Amino acid sequence: MKRILSLDGGGIRGIFSLEILLHIQQLLRDHFKAPERVLADHFDFFAGTSTGAIIAACLGWGMPVEEIRAMYEEHGKAMFQPVSWRHPLRRLFVSRYDSTKLSKMLRDTFSEDAEDGTGKVPSLLGTKHLKTLLLVVMRNHTTGSAWPITNNPKAKYNQIDLPDSNLNIPLWQVVRASTAAPVYFDPEEIMLGGKRHVFVDGAMTPYNNPSLIAALTAILPCYNLSWETGPDKIRLISVGTIRFALGAADKNVRRMWVGYNLPRIPLALIQGIGLEQDYLCRCLGQCRYGEELDDEIGNLENVPLPGRNWFSYVRYNKSFLRKELEELLRQHPQLAKIDAVHAMPVLKDLGRSYAEECVKIEHLI
């Protein structure tokens, strides 16, 4: 069986995902009686968008989950460092946060000399340090298109003799581009074949939840992997970053002006599209576990559907009922935001309790 692990975007809420991954790692260690086992020993393919891209790349690098979580805890606040008032006025209107420390963390992590702490030789996307297949989603603002790229050497645009081969892009820049959320962080500029391309966060594409595009990349002939399909051939595990209810039933429509809608529309689109990707995976695959999509659809667990299942599918994510959410946000009002660094302890607790209740070894093997 081939195994894919897909990780949603969601900013600092990646801490929630990491608690789920930590539990997955421990279950596998216990099952195989291998205390040093890491997720790269079990999964063949990691896929991630935005914060999920950071985690996916670290997992593909062979890092244990504890190390990635420690990195988030150590650098989380620094990654969301507000832009200094000393910057030129034009620069202050580009993004809320200074991306310098995030870029340095990624350069130091994904380098050929990372072990000696120098980080002077950047690893490329085609580096042999990656122990698995890796897919990272970003948006090419220059071409106006989604760019889900992999380190698969057989992929069309990864041919090493191409002047703009994707495999020659520094890995840290690929991950940084996927995290370049508009308003929050600067875009990332990458030179390809002597041409400048501007990239922004992969959440600005249909693939903030990259589960389906990861499965299609593994299956469709055009991507040159062509894995054999079937529920007993491919297992797709998808991990979210909490699903928040976005309704506002008591809102006066006269107050829904542009200032009200601007911060809400992108979040509504990202969450709605992510839910659609999850829904499609449950229809194209054989759903083994997942929360209810809604009261009408249910969770589609083990429901016989027309056609052949391409893979078996598990979705881990936490949704809140309205009253639960209101109480949670009353205590921690910043929690719904992707930059809620002060809510990291709460996110850890939520992720840990969810994982203990929902994640089972039979979902994984």
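Visitor: Which residues in H2 are buried?
Guide: This is a predicted model. Buried here means under 20% relative accessible area. In H2 the residues that fall in this class are Thr51, Gly52, Ala53, Ile54, Ile55, Ala56, Ala57, Cys58, Leu59 and Gly60.

Visitor: Why is helix H2 (residues 51-60) described as largely enclosed by the rest of the structure?
Guide: The description rests on burial along the helix. H2 is largely enclosed because the buried residues number 10 of the 10.

Visitor: Which residue with positive phi follows H2?
Guide: The phi in question is near 100°. The residue that follows H2 with this value is Gly62.

Visitor: Which residues does Leu59 touch, not counting residues up to four places away in sequence?
Guide: Leu59 is one of the buried residues in H2. Leu59 is also listed among those with the most contacts inside the largest nonpolar core. With residues up to four places away in sequence left out, Leu59 touches Leu5, Leu7, Leu21, Leu39, Ala40, Phe46, Val65 and Ile68.

Visitor: How many residues has the largest nonpolar core, and which helix gives the most to this core?
Guide: Those with the most contacts inside the core are Leu5, Leu21, Leu39, Leu59 and Tyr316. The core has 79 residues. With 8 residues, the helix that gives the most to it is H1.

Visitor: How many residues are in the other core that lies apart from it?
Guide: Val137, Ala218, Leu236 and Cys287 are among the members of this other core. Its count of residues is 20.

Visitor: Is Ser17 buried or exposed?
Guide: Ser17 has its place in helix H1. Ser17 touches Val239, Gly240 and Thr241, not counting residues up to four places away in sequence. Because its relative accessible area is 2%, Ser17 is buried.

Visitor: At what angle do the axes of H1 (residues 14-32) and H11 (residues 344-358) cross?
Guide: Residues in H1 that meet H11 include Phe16, Glu19 and His23, and those on the H11 side include Leu347, Gly351 and Tyr354. The residues of this contact divide into 8 nonpolar, 2 polar and 4 charged. The crossing is right-handed. The axes come within 7 Å, and the crossing angle is roughly 35°.

Visitor: What is the mean pLDDT of the chain, and where is the pLDDT below 50?
Guide: The mean pLDDT is 89, with 90% of the residues at 70 or more. The stretch below 50 has 8 contacts in the model beyond near neighbours in sequence. That stretch is residues 89-93.

Key: Residues are numbered from 1 along each chain as its sequence is written. This is a predicted model: local features need pLDDT of at least 70, side-chain atom pairs count only at pLDDT 80 or more; totals for chains, interfaces and linings use all residues. Side-chain values use heavy atoms; hydrogens and water are left out. pLDDT is the predictor's confidence in each residue, from 0 to 100. Contact means heavy atoms within 4.5 Å. Axes are lines fitted to C-alpha atoms, for helices over the stretch in contact, and angles run from 0 to 180 degrees between N-to-C directions. Helices (H or I, at least four residues) and strands (E, at least two) are DSSP runs, numbered from the N terminus. A crossing is left-handed if the near helix is turned anticlockwise from the far one by less than a right angle, and right-handed if clockwise. Ala, Val, Leu, Ile, Met, Phe, Trp, Tyr, Cys and Pro count as nonpolar, Asp, Glu, Lys and Arg as charged, and the others, Gly among them, as polar. A nonpolar core is a set of buried Ala, Val, Leu, Ile, Met, Phe, Trp, Tyr and Cys residues joined through side-chain atoms within 4.5 Å. Buried means under 20% relative accessible area, exposed over 50%, partly exposed in between (1.4 Å probe, protein chains only).
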